[in-house]
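Work through the exercises below with the structure in view, and try each task before you read its solution.

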Amino acid sequence: MARFRCSVCASEGKRVYDPQRHECPRCGSKDVVFALTIDELPDEIIEAIASAEPLDDPGSDGG
Ligand SMILES: [Zn+2]
């Protein structure tokens, strides 16, 4: 299950994330934002996030 929120009718709730059908169940708008938890992401996505370089390097101190 994934949390969703519609930006048109402000409807929100939980439903099974289906990339084929992600219209708002209430108003049918496609302007719906899904919030997938990290548990629902495929391992390859989690690995990609985990292996990404951090923007800030706390190790470099000096100059
Ligand atoms: Zn809606």
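**Exercise 1.** In this predicted model, find where Ala-10 lies, decide whether Ala-10 is buried or exposed, and describe its phi.

*Solution.* Begin with the location: Ala-10 belongs to the loop between S1 and S2. Next, turn to the surroundings, where 10 other C-beta atoms are found within 10 Å of Ala-10. A residue with 12 or fewer such atoms counts as exposed, and Ala-10 is therefore exposed. Finally, consider the backbone: the phi of Ala-10 is near 65 degrees, which is a positive value in a residue other than glycine. As a general background, most residues other than glycine have a negative phi. The hairpin that contains this residue is made of S1 and S2 and has five residues between the strands.

**Exercise 2.** Work out how the strands of the protein are arranged, and which of them stand at the edges of the sheet.

*Solution.* Start with the inventory, which is one helix and three strands, following the pattern β-β-β-α when read along the sequence. Then take the pairs one at a time. Strand S1, residues 2–6, pairs with strand S2, residues 12–15, in the antiparallel sense over four bridges; within this pair, Ala-2 stands opposite Arg-15, and Arg-3 stands opposite Lys-14. S1 also pairs with strand S3, residues 32–35, again antiparallel and over four bridges, and here Cys-6 has Val-32 as its bridge partner. Put together, the three strands form an open antiparallel sheet in the order S2-S1-S3. S2 and S3 each have a single partner strand and stand at the edges, so one side of each is left without a neighbour in the sheet. If direction is ignored, neighbouring strands of this sheet are turned by 30 degrees against each other on average.

**Exercise 3.** Compare the surroundings of Cys-24, Leu-41 and Asp-43, and state how each of them is classed.

*Solution.* Cys-24 lies in the loop between S2 and S3 and has 19 other C-beta atoms within 10 Å. Because a buried residue needs 20 or more, Cys-24 is classed as partly exposed. Leaving aside neighbours within four places in sequence, the contacts of Cys-24 include Cys-6, Cys-9 and Val-32. Ser-11 is also in contact with Cys-24, and although these two residues are 13 apart in sequence, their C-alpha atoms are 7.8 Å apart in space.

Leu-41 is placed in the loop between S3 and helix H1, and with 13 C-beta neighbours inside 10 Å it counts as partly exposed. Apart from neighbours within four places in sequence, Leu-41 is in contact with Leu-36 and Ile-46.

Asp-43 lies in helix H1, and its 7 other C-beta atoms within 10 Å make it exposed. Its C-alpha atom is separated by 18 Å from that of Asp-18, which is 25 residues away along the chain.

**Exercise 4.** Set the radius of gyration of the protein beside that of a compact globule of 63 residues, and then describe the overall dimensions.

*Solution.* First, a compact globule of 63 residues would have a radius of gyration near 11 Å, whereas the protein has 17 Å. Second, the C-alpha trace spans about 55 × 25 × 15 Å along its principal axes. Third, buried residues make up 3% of the 63 residues. Last, among contacts between residues at least 6 apart in sequence, 28% join residues at least 24 apart.

Conventions: Residues numbered from 1 in each chain as written. Predicted model: local features only at pLDDT ≥ 70, side-chain atom pairs only at ≥ 80, totals over all residues. Pairing = 2+ DSSP bridges. Helix = DSSP H or I, 4+ residues; strand = E, 2+ residues; numbered from the N terminus. Contact = placed C-beta atoms within 7 Å. Axes fitted to C-alpha atoms, helices over the stretch in contact; angles between N-to-C directions. Rg over C-alpha atoms; globule rule 2.2 N^0.38 Å.
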